[in-house]
Every structure is written in C-alpha cells, then in structure tokens.
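Biologist: Before we discuss the assignments, may I ask you to show the structure and to justify each term by the criterion behind it?

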Amino acid sequence: MKILVVDDSKSIRSLIDFSLDEFQELQIVEGIHGADALNRLDEHDFDLILSDVNMPIMNGIEFTTECRKRGITCPILILTTESESSMKAKGKAAGANGWIVKPFQPEALIKTIRKFIDLV
Amino acid sequence: MSLDMAALKQTFLEESFEGLQIMESGILEINIETPDKEEINTIFRAIHSIKGGAGTFGFSEIVGLTHVFENILDEIRNQKLILTVEINDTFLQSIDALEGILVSYQNDEEPDSQIISVVTNELQMITSSESSIDDQEGIQKQSVDNVSIIFKPDQDILNTGNEPIRIIRDLHSVADISIDIDEESIPTIEDDLLKIQLKWNIAISGKDIDLEEIKEPFEWIEDECEILTFDFVEKTSNSSTDIEYENNKKNASKKESKVAISTTMRVDTARIDELVNLVGELVITQSMLSQKDDNGQIITKDIEDALATLDRQMRELQDGIISVRMVPINSAFSRIPRIVRDTSKNLNKEIILNISGENTEVDKTVSEKITDPLVHIIRNAVDHGIESSQERIDAGKQPNGTINVSAYHQGGNLMIDISDDGGGVNTEKVYEKALQTGVIQKSDNLSTKEINELIFAPGFSTADVVSDVSGRGVGMDVVKKNIISLKGEIELFSEEGKGSLFRIKLPLTLAILEGQLARVGDQVFVFPILSILESIQLKEDHVKYVQGIPSIYKLRDEFIPIINLFERFKIEDNSTNKNKRLLVIVEHNKKKIALRISELLNQQQVVIKNLDKNYKKTDGFSGATILGDGKVSLILDIASIAQEEHGNDL
C-alpha cells in the first residue's frame with residue numbers, strides 16, 4: 001500500500017508520516033510541491049494521494065487536475081483549512097475525492113483515510 | 001507527549017521562523033503602489049503554513065492572529081483592499097509579535113496573550129470584512145425525520161478515485177440505514193464491469209437526523225451521481241457564535257524578544273552524496289593498502305600510489321565536511337533591510353541600501369554570530385554615519401544617503417564590507433576624546449587611520465548626543481571583541497565628509513586552522529599561518545638588551561619586542577648552536593612581536609581541539625591539535641601573547 005503525501009511544509013509531511021506510522025504495510029512517498037509530486041507518479045503506483053493546496057510552483061488544484069489528466073484513478077484528498085472552503089469546490093472540480101481539514105489530529109486523519117483505503 | 005511529537009513541533013517552529021523571515025523580506029521588498037501578485041502569494045503561503053501548522057501542533061493561541069493576517073493578504077490579493085504604508089507597518093509589527101510568541105513556544109514559556117490580542121486587534125482594524133473564522137458555526141443546522149435516498153453513480157465513477165461501496169459504508173457509519181439494490185441495474189456478464197450501472201435505494205429511519213451528516217458522504221460525488229428524493233420534515237436551529245476580540249490597544253510588538261538560534265541545519269543532498277561517494281572511495285583505497293600476497297605479506301608495490309590517493313581523498317573529505325557546515329551569509333544579512341528601514345524612519349533620514357554577495361558561503365556558527373555585530377555597525381552607519389538630508393544638501397550631496405553591504409571571498413577568508421557615503425569619522429574629535437579619556441598619550445605617533453580606529457577602544461563613544469538608536473550601551477568595542485572571538489578582524493577606512501568603510505575579515509570555518517609547526521626546544525607548537533609575517537635568522541648585533549635581557553629586535557627600521565618562547569613556556573634551551581635560533585615575526589592588531597624559537601617545521605592544516613573542554617583554559621594557547629605522530633601540539637594564541645606584551649590597548 002502506497003500513499004503520496006504532497007505538502008511544502010516539512011512539519012506537516014512529517015506529522016502525516018508520524019500519524020500513519022503504526023500501519024506497517026503502508027509506504028509513504030513525499031513530494032514537496034505539485035511539480036515534484038508529478039515525478040513521483042512516474043516512479044510509483046499509489047493507492048491514495050494527500051495533497052496540500054497552497055504550494056509554490058504547482059498548487060494542489062493544478063496537481064489534482066494534472067493527475068486526472070494523466071489517468072491516475074486513485075483517490076486524491078486535498079488538505080485545506082476551514083477558511084478555504086472555496087477550495088473544496090475547486091478541488092472537487094479538479095477531480096479530488098475528499099478533503100482533510102487542517103488543523104487535524106492523527107486520529108481524524110486516519111479516520112478520513114479509512115474511508116478511501118483499507119489501512120492495516 | 002512522545003519524543004517524536006516534540007521533534008515535529010521543533011520542525012514546525014523552525015519552518016515558521018523561516019516563514020516569518022520570508023514574510024518580512026517580502027513585505028520590505030514589495031512595491032506598495034503596484035504590488036506584484038506573486039510576491040503577495042509568497043507572503044500568503046508563508047502565513048498560511050504557519051496558521052495550518054499552529055493549529056495542528058497545538059499552538060492554538062496564534063491561530064486567530066494568523067487567520068486575520070491571512071485574510072488581509074487575501075483581500076489585497078483580490079484587490080478588495082489597497083496596500084498602504086500603514087498596513088505594511090502593521091504587518092511588520094505582527095511578524096515581530098509572532099516571532100516573539102514562537103520563541104516563547106520554543107522555550108516552553110507561556111506566550112504573552114496580551115500581545116496576541118493587541119496585534120490581532122490591530123490587524124482586525126485593517127480589514128473591512130468580518131473575520132470569517134466563524135463561518136462554519138453560522139451554517140444553519142437542519143434536522144429531519146425519515147430519509148430515503150436513491151443513489152445512482154455515474155458509470156465512470158471508478159475512474160475518478162471514488163468507490164460507491166465506501167460511500168455507502170461511510171453513510172452507514174453516521175446513520176442507521178437499510179439498503180436495497182435495484183435488481184434491474186445489476187449488469188449481465190457481457191457488460192463492461194468497470195462501468196457501473198448499479199442503483200441503490202437507501203432508507204434511513206429515525207427522528208432528528210442531521211441532514212448535513214447525511215449529505216456529507218455524497219458531498220464529493222454530487223456531480224457524478226444522481227441522489228434523489230429526500231423525504232423529510234424540516235426543523236431548524238441556528239447556532240451562530242460571534243468571536244469577540246479584546247479591545248486592548250497598546251504598542252505591543254516593541255517588546256524585545258530573545259533571538260532564536262537553531263541548532264539544526266539543512267544540507268543540500270548533493271553535498272551529502274558527495275561525502276558518501278568519497279567514503280566509498282576511501283574504502284577502496286583501504287582495501288588497496290591491505291592487499292596481501294600469498295605469504296601474507298603486504299604488497300608494497302602499490303603502497304605509494306595508494307597513499308597518494310588516500311592523501312587526496314582525505315583532503316576532499318575534509319573539504320566536503322566543512323562545506324556541509326557552510327551556509328549562505330544571507331541569513332545574517334536578512335535583518336539588515338529591516339534595521340535600515342526602522343532606524344532611518346525613526347531618524348527621518350532617507351537611505352538607499354544595496355546588498356550584494358548574499359550567497360557567499362561561510363560556516364554556520366560564523367554566520368550566526370556575525371549578525372549582532374553587523375546590525376550594530378549598520379545602526380551606527382544610519383545613526384552617526386549618514387547625515388540628515390539638510391546637512392547633505394548643504395554639503396553638495398544627494399539628499400538620500402547610501403549604505404552598501406557586500407560579502408565576498410578573498411584568500412580563504414570571508415570579507416564583509418559595510419560602506420556609507422555619510423560624513424565619515426571626525427578624526428580630530430576622536431583624537432581629542434581619546435586624549436581626554438587617556439586611551440592614548442600625546443606622545444603617541446598615530447596615523448589618521450589609527451586614530452579613527454580608536455572608536456573600537458573600550459568605552460569610547462563620540463556621539464554628541466547618545467541617541468535612542470545606537471546608544472544602547474553597546475559600543476564598537478563590543479563589535480570588535482565579537483569579531484575577534486570569531487578569529488576575525490575589523491578595519492575602518494574613513495574620509496571626513498565622504499564616508500566610511502568597515503571591512504570585516506572572517507575565517508570560513510572555525511574548526512580548521514592553517515598551521516605552521518615550529519619547534520621550541522623539545523616541544524612542537526602550532527602557529528596560525530595568518531598571523532605570521534616573516535621568519536628571520538636571529539642576528540646578535542640587532543638585539544637590544546634591557547636590564548641584561550634581550551628585549552628588542554631591530555628589524556630594518558622597526559623596533560620589535562622579543563618574546564622568548566623558551567622562557568615564556570619554561571622550556572630548557574639546550575641547543576648547542578646558539579646562532580641557529582630563529583625569530584618568527586607575528587602581527588596582531590597591526591602590532592608586531594618577535595617570537596624566539598628553535599626551528600620551523602612543515603606547514604599543515606590542523607583540526608582545532610578545544611582546550612577548555614578537554615583540559616582547562618590556558619593563557620597563551622587557543623587550543624590543541626594532534627599531529628601525524630600522535631603527539632599533542634598546542635596552538636599559540638597570538639592575540640593573548642601580544643596582549644601580554646603590549647597591554648590591552650588595542
């Protein structure tokens with residue numbers, strides 16, 4: 001099982017990594033922005049993608065659109081704050097399947113991810 | 001809290017400090033009349049990350065502040081709000097406040113809640129619209145009884161990352177459902193099974209069902225499915241809350257905050273890769289050296305080659321390791337624009353600041369420790385260096401002054417030049433003040449440059465009025481002391497009426513020293529090569545005796561005090577050939593001394609081991625090193641030896 005985590009903030013990437021640490025069979029690959037994450041797509045097949053929205057170079061919406069354009073069919077969840085509720089619509093239009101609201105607690109993250117893939 | 005979580009918080013704090021720096025330089029550089037959208041985006045992203053992380057890592061106190069900050073930037077970005085100098089000022093103030101709060105978090109202290117509310121309130125006053133932080137609470141809540149849903153996803157739903165079964169499961173987790181599949185929708189074996197034709201009938205029975213909760217699982221697939229028939233009786237309740245901001249207007253951000261120094265650093269992976277490569281090569285060399293023939297004898301044939309390779313590799317490894325600690329001087333320079341801006345605004349002066357060479361690399365410790373001296377010199381330049389516009393016009397100069405800061409490498413050192421086109425040092429005034437305070441004697445024959453550099457003497461200040469700006473009880477002597485503690489030097493070139501140039505010379509690294517090995521009796525010492533001017537054969541007729549002790553050496557037209565290292569370090573001089581003694585002429589602070597030794601050995605780079613930590617602080621030595629033969633050799637501290645001779649009169 002592989003998850004791609006895309007966020008320009010190292011602390012958020014590490015927190016996700018840390019939150020999902022208990023799932024032994026889960027492999028986490030990180031991308032520091034959309035453009036970087038696109039390269040990871042060539043290297044792995046992912047079961048789920050978590051992507052921040054506000055990122056330099058290529059933002060999460062552009063990244064999601066590009067993923068769908070490339071025929072990536074796995075669920076894509078965007079990470080946004082409450083105040084960016086407009087991003088929900090944009091994310092949806094771009095092809096995202098859900099959102100994780102920042103700030104999040106590890107339990108909430110796991111719960112949301114569980115809606116899309118089976119964590120063991 | 002687990003250790004990992006603490007480490008994550010630390011990462012977040014470091015990231016946030018970087019973010020604040022990005023914001024600050026962004027705000028300082030932004031063109032107020034025509035702000036560039038990308039510039040605002042950069043600032044926005046930084047505060048956005050801080051906000052997101054703050055909530056996540058439990059630093060909830062600053063979420064509100066960062067939220068309002070972000071809103072204002074958003075409004076500016078969408079041209080709902082026009083950027084002004086005042087808004088920019090408030091931004092800078094808020095950044096200071098945030099930095100202070102983050103520092104308290106880092107030190108595990110309670111953040112000052114008053115500052116937070118004051119700054120939040122200031123920001124709040126800029127924005128026209130109400131904070132939208134309470135949007136979510138304002139949504140009307142709908143409760144219903146008995147719902148029935150027909151769920152028919154698009155046939156391509158599986159290609160969009162959604163899976164109907166998970167959505168139904170999700171719905172099941174929030175409500176008690178009964179579900180039927182529409183049998184007619186079940187595909188036959190000939191159908192394309194990846195194209196979903198299925199249709200479900202879902203019934204939820206009960207009272208007071210939260211409609212939002214029911215809708216939520218379908219929220220992201222509204223466009224990819226048909227959801228029909230909601231049978232319900234509507235009930236509404238409104239749960240809107242207003243968030244009140246404390247009205248506590250006071251200039252809060254002025255509070256001095258402790259500077260946060262990070263103990264971790266980021267290193268370019270390319271540099272690490274290089275090191276890994278080198279270590280790989282070393283392993284190969286090692287195996288070359290340990291090759292044995294059939295009789296178990298080491299093959300000596302290739303030893304020379306292998307040793308030469310080893311020598312090269314060790315040097316590369318050393319350079320590589322040092323380069324890991326190298327950072328652009330950038331971080332030390334980043335505070336300068338702010339200082340110039342604030343100070344000049346305070347003093348009503350117009351100053352153009354040019355910075356160049358900010359990517360010049362230097363050891364991380366040097367970069368961190370040079371910041372304070374730099375800031376002090378810059379403050380001084382703005383305060384005392386640059387004249388008021390009127391004075392400048394009267395002197396036939398441009399009304400606005402210029403300060404140039406540049407960094408560059410020269411001969412294995414980092415040089416930082418800080419120049420201004422202000423009034424320069426008033427040599428006469430400095431001379432008089434120095435006489436008055438007894439720093440110099442009338443008989444001292446000093447050049448203009450030497451007089452000017454008296455401003456580095458302890459307790460020396462020529463400012464007529466101790467101003468609010470640079471009169472902070474720290475003089476240029478502290479600047480000089482700090483630079484010397486980094487094994488650096490500072491020089492001042494100044495021309496009255498035209499301006500001054502402070503030139504700082506710093507070593508690139510503090511861990512390695514270019515050393516000259518020298519034997520004194522049976523001991524070997526290390527001289528820092530940078531301080532050696534020359535070495536000469538001691539000629540008896542050039543030695544002047546004072547009370548029977550050889551004290552002064554006449555070298556060309558100069559008289560140089562002699563320090564006999566045999567006596568200084570109580571080493572027995574049992575060499576037979578007294579003529580073969582050498583003098584090493586060293587210089588510290590432009591003053592020369594001659595050190596008597598037995599002979600010079602080779603030159604080599606030595607790794608400095610701290611004496612204080614391993615033994616105790618010892619006068620005359622700055623550290624120790626281990627030589628090729630395994631013996632410990634002490635490194636001479638030329639500065640302290642020179643001070644013993646010349647006294648502390650810099």
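Modeller: This is a predicted model. Across the interface of chain A and chain B, the rule finds 7 residue pairs in polar contact, both residues at pLDDT 80 or more. The elements that give two or more residues to the side of chain A that touches chain B are α1 (10-19), β4 (76-81), α4 (85-94) and β5 (98-102) of chain A. The largest share, 6 residues, comes from α1(A). That side of chain A divides into 15 nonpolar, 12 polar and 10 charged residues.

Biologist: What makes B:Asp170 and A:Lys115 a salt bridge?

Modeller: The N to O distance between their side chains is 3.4 Å. The criterion asks for a Lys or Arg side-chain nitrogen within 4 Å of a carboxyl oxygen of Asp or Glu, so the pair B:Asp170 and A:Lys115 qualifies. The rule finds 2 salt bridges across this interface.

Biologist: How do you know that β16 and β25 of chain B pair, and in which sense?

Modeller: DSSP must find at least two bridges between two strands. Strands β16 (residues 523-528) and β25 (residues 632-636) of chain B have 2 bridges, in the parallel sense, and therefore count as paired. The bridge partner of B:Phe525 is B:Leu634 in β25(B).

Biologist: Why are β23 and β24 of chain B said to stand at the edges of their sheet?

Modeller: The open sheet of 5 strands has the order β23-β15-β16-β25-β24 in chain B, with mixed pairing. Strands β23 (599-607) and β24 (621-626) of chain B each have a single partner strand, so one side of each is left without a neighbour in the sheet.

Definitions and conventions:
Residues are numbered from 1 along each chain as its sequence is written. Chains are lettered from A and ligands numbered from 1 in the order in which they are written. This is a predicted model: local features need pLDDT of at least 70, side-chain atom pairs count only at pLDDT 80 or more; totals for chains, interfaces and linings use all residues. Side-chain values use heavy atoms; hydrogens and water are left out. Helices (H or I, at least four residues) and strands (E, at least two) are DSSP runs, numbered from the N terminus. A polar contact is a pair of N or O atoms within 3.5 Å; within protein, one must be able to donate a hydrogen and the other to accept it, and residues adjacent in sequence count only if both atoms are side-chain atoms. Ala, Val, Leu, Ile, Met, Phe, Trp, Tyr, Cys and Pro count as nonpolar, Asp, Glu, Lys and Arg as charged, and the others, Gly among them, as polar.
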